[in-house]
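The following exercises concern the spaces inside a protein and the ligand that it holds. Please study the sequence and the structure before reading each solution.

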Amino acid sequence: MNTIDKSIKENIDWGNLGFDYKPTEYRFVATYKNGAWSEGELITNSNVQVHEGSPALHYGQQCFEGMKAQTAKDGRVLLFRPDLNAERLRQSCERLSMVELPNELFNRGVKEAVRANYRFIPPYGSGAALYIRPLLLGTGQNLGLRPATEYEFRVFVSPVGPYYKGTGLSLIKLAVTDYDRAAPSGTGAVKVGGNYAGGFIATKIAKELGANEALYLDSATRTYLEEAGSANIIISLSDDRLITPLSPAILPSITRRSVMQIAKDELGMKTEERPIHLINEFSEFEEMGACGTAAVISPVQSILYKNEWMHMKNSKEGVGPVMQNLYNSLTQIQKGEREDSFGWTVEVEI
Ligand SMILES: *Cc1c(COP(=O)(O)O)cnc(C)c1O
């Protein structure tokens with residue numbers, strides 16, 4: 001491995017980054033051909049070359065992950081639970097009949113892409129992070145409706161700021177539209193490209209209605225809460241309870257899983273994953289949060305449902321205490337600001 005000069009950082013206005021693609025120098029690429037994965041290597045070309053007949057382009061045979069690397073106070077570069085991303089990518093591959101990606105290749109690709117782009121990793125305290133996008137594509141010529149026999153695994157990175165406009169913990173609004181995200185036995189529980197293009201219109205409508213993002217209900221009955229466009233939902237009730245929707249169509253968020261554990265083990269809350277009826281239960285909601293790698297925990301102020309804004313009880317004075325506490329605990333662990341008693345962070349050796 002080349003040595004990295006740790007004294008060099010890019011000249012970027014870290015504090016004013018949005019959640020957009022910013023070019024970096026290297027990406028990690030490995031290919032699968034004739035039944036075997038290549039070793040993989042770092043390259044500088046940000047363009048993917050695929051055959052015009054590839055299943056990734058025509059049939060959405062593609063899956064991805066989203067993670068972040070952050071600089072700790074002591075300068076270490078930390079990933080958050082990368083094994084769970086590798087595991088989820090495996091489940092996505094299985095659901096889409098794609099080749100299995102070895103864990104070792106996933107971990108090495110992520111670490112090498114982060115390390116090689118060290119000067120693009122936002123410094124500690126900047127409020128920004130290095131977003132990591134592992135991507136697996138069904139490539140090769142395969143116009144017939146069947147799975148690819150060739151694949152490309154790629155990991156690129158980009159320094160990013162907050163996902164929703166505003167800095168730190170800003171309150172967001174969600175709108176229920178007439179569109180569904182995923183069917184109960186469809187592909188909603190895996191992170192595959194085909195789940196998202198259909199949501200662009202819902203996001204657009206939600207924004208036109210004054211919300212930040214669309215909120216989805218279960219597609220079978222349109223009564224139970226599912227999730228937002230790229231974030232799961234958590235809700236606090238009185239008596240220190242924290243609930244989150246149970247549904248086979250939700251993308252199982254690693255952030256949510258971690259937050260639920262922090263709530264139970266550290267804050268002594270009673271946590272529950274169960275179906276949540278939006279209208280029948282809304283009056284009991286104290287605070288709501290949208291959580292994910294990109295959104296971290298974004299407190300939800302209000303929900304638009306059938307032309308009516310419904311306001312969360314605890315949102316008038318700003319961010320509520322439960323979401324604030326959970327946000328603090330989670331981000332302190334991710335940034336190495338406190339002891340990682342769960343063993344969730346993994347250092348990338350530079
Ligand atoms: C990626 C994603 C999330 C968040 O998952 P994390 O593992 O917490 O990043 C939530 N919902 C959807 C639809 C997603 O694609």
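**Exercise 1: The largest cavity**

The largest cavity has a lining of 14 residues, and those nearest its centre are Lys68, Phe80, Thr255, Thr293 and Gln334. The model examined here is a predicted one.

Task: State how many cavities of 30 Å³ or more the structure has, and describe the largest cavity by volume, by contributing elements and by residue class.

Solution.
Step 1. A search of the whole structure yields two cavities of 30 Å³ or more.
Step 2. The volume of the largest cavity is about 170 Å³.
Step 3. At least two residues of the lining of this cavity come from each of strand E5 (67–71), strand E6 (77–80) and helix H5.
Step 4. Sorted by class, the lining of the largest cavity comprises six nonpolar residues, seven polar residues and one charged residue.

**Exercise 2: The largest pocket**

Task: Determine the volume of the largest pocket, and identify which element gives the largest share of its lining.

Solution.
Step 1. The volume of the largest pocket is about 870 Å³.
Step 2. The pocket is lined by 39 residues, and Arg133, Tyr163, Tyr196, Gly229 and Ser230 are the closest to its centre.
Step 3. Several elements each supply at least two residues of this lining, among them strand E7 (129–139), strand E8 (150–160), helix H4 (200–208) and helix H5 (254–265).
Step 4. The largest share, three residues, is supplied by E8.
Step 5. By class, the lining of the largest pocket contains 16 nonpolar, 15 polar and eight charged residues.

**Exercise 3: The ligand and its surroundings**

Task: Locate the ligand, name the residues that come nearest to it, and list its polar contacts with lysine 191, serine 253 and isoleucine 254.

Solution.
Step 1. The ligand is situated in the largest pocket.
Step 2. Around the ligand there are 15 residues, of which Lys191, Tyr196, Glu227, Ser253 and Thr293 come nearest.
Step 3. The shell around the ligand is made up of four nonpolar, seven polar and four charged residues.
Step 4. A polar contact requires a pair of N or O atoms within 3.5 Å. Lysine 191 places a polar side-chain atom 2.7 Å from an oxygen atom of the ligand, and serine 253 places one 2.6 Å from a ligand oxygen atom. In isoleucine 254, a backbone N or O atom lies 2.8 Å from an oxygen atom of the ligand.
Step 5. Taken alone, the ligand exposes 390 Å², and 96% of that is buried by the protein.

Methods: Residues numbered from 1 in each chain as written. Predicted model: local features only at pLDDT ≥ 70, side-chain atom pairs only at ≥ 80, totals over all residues. Heavy atoms only, no water. Near = heavy atom within 4 Å. Polar contact = N/O pair within 3.5 Å; in protein donor to acceptor, adjacent residues only side chain to side chain. Areas by Shrake-Rupley, 256 points an atom, 1.4 Å probe, with all protein chains shown as cover. 1 Å grid on protein atoms, 1.4 Å probe; cavity = no way out; pocket = protein on both sides within 12 Å on 5 of 7 lines; lining within 4 Å. Sits in = over half its atoms within 2 Å of the grid points. Nonpolar A, V, L, I, M, F, W, Y, C, P; charged D, E, K, R; others polar. Points joined across faces, edges and corners; volume = space filled by probe spheres on them. Helix = DSSP H or I, 4+ residues; strand = E, 2+ residues; numbered from the N terminus.
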